[in-house]
Amino acid sequence: MAEEVEATAGRPRLYSYWRSSCSHRARIALNLKGVDYEYKAVNLLKGEQSDPEFLKLNPMKFVPALVDGDAIIGDSYAIALYLEDKYPDPPLLPQDPKKKALNHQIANIVSSGIQPLHNLSVLRFIEQKVGAGESVLWTQQQIERGFTAIENLIQLKDCAGKYATGDEVQLADVFLAPQIYAAIERTKIDMSNYPTLARLHAEYMAHPAFQAALPGQQPDAPPST
């Protein structure tokens, strides 16, 4: 990987794993901004995130990482905000401070209150310390708790339009889409309990930028995915 750390001049490189919901967020953000980028697969199951050269990109050993010239960003939230600053059109954040805060709040529920609690390292630890199969129930509990909070928040704020916080795709959608997709496809969450999120999922699945970012569309996805 050593010779590949610097991105091709003028073209960002995204270090990604096809099934990672954090990588999924970054792909959506890049697609929404219309950025032509190079995809570099990092196989988490093979431990490639521990490669010494990858540690230079993200010492936490997480994907995604974005290399854009001399800029190296190793976090999906930071990547989204970097892209928002560099490519302000179309915007992912509204100008209204209350709506902007709401977008950050929803994104943070996903990125801090749901996804980290059932990432690969946590699930492996649970399986080792508690027992085989226990990680599934844990994952379902964390997702359902977070989805209940977001469903209630969106209804309380009465903010939903076509998308989570209005009629335009915004930051909240970038974070919601991968989490909902994973909940349906991998965890088999009953989305009838979350009618707003279920409707949003249908909108995301029909949007070209979201479609192109789907796990099964990535070059490192298994052929049957």
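Helices (at least four residues) and strands (at least two) are DSSP runs, numbered from the N terminus. With that in hand, let's work through this predicted model.

**Exercise 1. Work out which elements the chain has and in what order they come.**

Solution. Start with the tally: the chain has nine helices and four strands. Now walk along the sequence and write β for a strand and α for a helix. You get β-α-β-α-β-β-α-α-α-α-α-α-α.

**Exercise 2. Find out how the radius of gyration of the chain sits against the value for a compact globule.**

Solution. Step one is the expected value: for 225 residues, a compact globule would come out near 17 Å. Step two is the chain itself, which has 17 Å, so the two agree. For a feel of the outline, the C-alpha trace spans about 50 × 50 × 30 Å along its principal axes.

**Exercise 3. Describe how the chain packs and what its surface is like.**

Solution. Take burial to begin with: 48% of the 225 residues are buried, where buried means under 20% relative accessible area. Next, look at contacts between residues at least 6 apart in sequence; 65% of these join residues at least 24 apart. Then turn to the outside. The accessible surface is about 11,000 Å², and carbon and sulfur atoms account for 52% of that. Last come the charges: there are 22 positive and 27 negative side chains, and the centres of these two sets are 3 Å apart.

**Exercise 4. Identify the residues that touch the most other members of the largest nonpolar core, and the helix that gives this core its largest share.**

Solution. The core holds 61 residues, and those touching the most other members are Phe147, Ile150, Leu176, Leu197 and Tyr204. As for the helix, H7 (residues 171–185) supplies the largest share, with eight residues. Now zoom in on Phe147. Leave out residues up to four places away in sequence, and Phe147 touches Ile114, Gln179, Ile180, Ala183, Met191, Tyr194 and Leu197.

**Exercise 5. Decide whether Leu57 is buried or exposed, and say how far Leu57 is from Pro97.**

Solution. First, locate it: Leu57 sits in the loop between helix H2 (52–55) and strand S3 (65–68). Its relative accessibility is 4%, so Leu57 counts as buried. For the distance, go from C-alpha to C-alpha: Leu57 and Pro97 are 32 Å apart in space, with their positions 40 residues apart in sequence.

**Exercise 6. Place the cis peptide bonds at Pro64 and Pro90.**

Solution. Begin with Pro64, in that H2–S3 loop. The bond running from Val63 to Pro64 is cis, and its omega is near 10 degrees. Move on to Pro90, in the loop between helix H3 (76–86) and helix H4 (97–114). Here the cis bond joins Asp89 and Pro90, with omega about 0 degrees.

**Exercise 7. Compile the phi values, loops and accessibility of Asp158 and Lys188.**

Solution. Asp158 lies between helix H6 (134–157) and H7, in a loop. Its phi is near 50 degrees, which is positive although the residue isn't glycine. With 67% relative accessibility, Asp158 counts as exposed, the cut-off being over 50%. Lys188 is in the loop between H7 and helix H8 (195–205). Phi of Lys188 is near 60 degrees, again a positive value in a residue other than glycine. At 60% relative accessibility, Lys188 counts as exposed.

Methods: Residues numbered from 1 in each chain as written. Predicted model: local features only at pLDDT ≥ 70, side-chain atom pairs only at ≥ 80, totals over all residues. Heavy atoms only, no water. Rg over C-alpha atoms; globule rule 2.2 N^0.38 Å. Buried < 20%, exposed > 50% of the residue type's maximum accessible area, 1.4 Å probe, protein only. Contact = heavy atoms within 4.5 Å. Areas by Shrake-Rupley, 256 points an atom, 1.4 Å probe, with all protein chains shown as cover. Lys, Arg positive; Asp, Glu negative; His and termini not counted. Charge placed at Lys NZ, Arg CZ, Asp CG, Glu CD. Core = buried A, V, L, I, M, F, W, Y, C linked by side-chain atoms within 4.5 Å.
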